[in-house]
Amino acid sequence: MGRALFEGAGDCVTCHAVNGKGPRVAPDLGDIGALRTAELIHRTLLDPAASMLPANRPVRAVTVDGKVITGRRLNEDTYTVQLIDEQERLLSLSKANLREFTVLKSTPMPSYKDKFSSQELADLEAYLLSLRGVK
C-alpha cells in the first residue's frame, strides 16, 4: 500500500528516484530506510522544510545578466557550484559569474499532514523504511 501511495496519490515519483529509477530533481530515496529513522521520516512527511538536511535544500542562483536558476546543489567548491535544475539539466556555474547564490529555506515537497490519513501515512512510512539500497 505504501508503494502505491508513493507512486500514486503522494506523487513522490515526480521528483524522487528510487535506486536510480526516476527523476533526479530531488534526492534518490533508494536507501532512505537505512539513512533515516522512522521518526525522522514521519516528521519529514508532515513538515518537509523543518526536517530537510542542509545538503538537500534547494538553491537559487542569479547570474550577472539576471538569469534565475533554481535547483538542487550537487557539489560546491570555492569557485564553482554544480546543480541540477528543475528540468533535470546538470549545470556548472562559476561563482564569479553569479550576482546571487542562496540556499533556500523552503522546499517544493508538500506536507502530507492533511493529505493522508494516519493509516496511509503509516503505510507510506513503512514503504520508505523498507528502502535500504540495492542488494
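1. Helix 3 against helix 5. In this predicted model, helix 3 meets helix 5 through Ala38, Ile41, His42, Leu45 and Leu46. The partners in helix 5 are Leu121, Leu124, Glu125, Leu128 and Leu129. By class, the contact holds 8 nonpolar residues, 1 polar and 1 charged.

2. Geometry of that pair. The two axes come within 10 Å. They cross at roughly 125°. Angles of 65 to 115 degrees count as roughly perpendicular and those over 145 as roughly antiparallel; helix 3 and helix 5 are therefore oblique to each other. The crossing of helix 3 past helix 5 is right-handed.

3. Position in the chain. The chain has 5 helices and 5 strands. Read from the N terminus, the order is α-α-α-α-β-β-β-β-β-α. Helix 5 covers residues 118-130, and helix 3 covers 38-46. The C-alpha trace spans about 50 × 35 × 25 Å along its principal axes.

4. Largest pocket: volume and lining. This pocket holds about 790 Å³ of space. Its lining counts 36 residues. Nearest the centre lie His16, Ala26, Pro27, Thr107 and Met109.

5. Largest pocket: contributors and chemistry. Four elements give two or more residues each to this lining: helix 2 (32-35), helix 3 (38-46), helix 4 (48-51) and strand 2 (68-76). Helix 3 thus appears here as well as in the contact with helix 5. The lining residues divide into 21 nonpolar, 9 polar and 6 charged.

6. Second largest pocket: volume and lining. Here the space is about 170 Å³. The lining consists of Arg3, Phe6, Glu7, Val13, His16, Ala17, Val18, Lys21, Gly22, Pro23 and Tyr127. Helix 1 (residues 2-7) gives the most, with 3 residues. By class there are 6 nonpolar, 2 polar and 3 charged residues.

7. Links between the sites. Which residue named nearest the centre of the largest pocket also lines the second largest? His16 is listed in both places: near the centre of the largest pocket and in the lining of the second largest. Tyr127 lines the second largest pocket, and helix 5 runs over residues 118-130.

Methods: Residues are numbered from 1 along each chain as its sequence is written. This is a predicted model: local features need pLDDT of at least 70, side-chain atom pairs count only at pLDDT 80 or more; totals for chains, interfaces and linings use all residues. Side-chain values use heavy atoms; hydrogens and water are left out. On a 1 Å grid over the protein atoms alone, a cavity is a set of points where a 1.4 Å probe fits but cannot get out, and a pocket is an open set with protein on both sides within 12 Å along at least five of seven lines; lining residues have an atom within 4 Å of a point. Grid points are joined across faces, edges and corners, and a volume is the space filled by probe spheres set on the points. Ala, Val, Leu, Ile, Met, Phe, Trp, Tyr, Cys and Pro count as nonpolar, Asp, Glu, Lys and Arg as charged, and the others, Gly among them, as polar. Axes are lines fitted to C-alpha atoms, for helices over the stretch in contact, and angles run from 0 to 180 degrees between N-to-C directions. Angles under 35 degrees count as roughly parallel, over 145 as roughly antiparallel, 65 to 115 as roughly perpendicular and the rest as oblique. A crossing is left-handed if the near helix is turned anticlockwise from the far one by less than a right angle, and right-handed if clockwise. Contact means heavy atoms within 4.5 Å.
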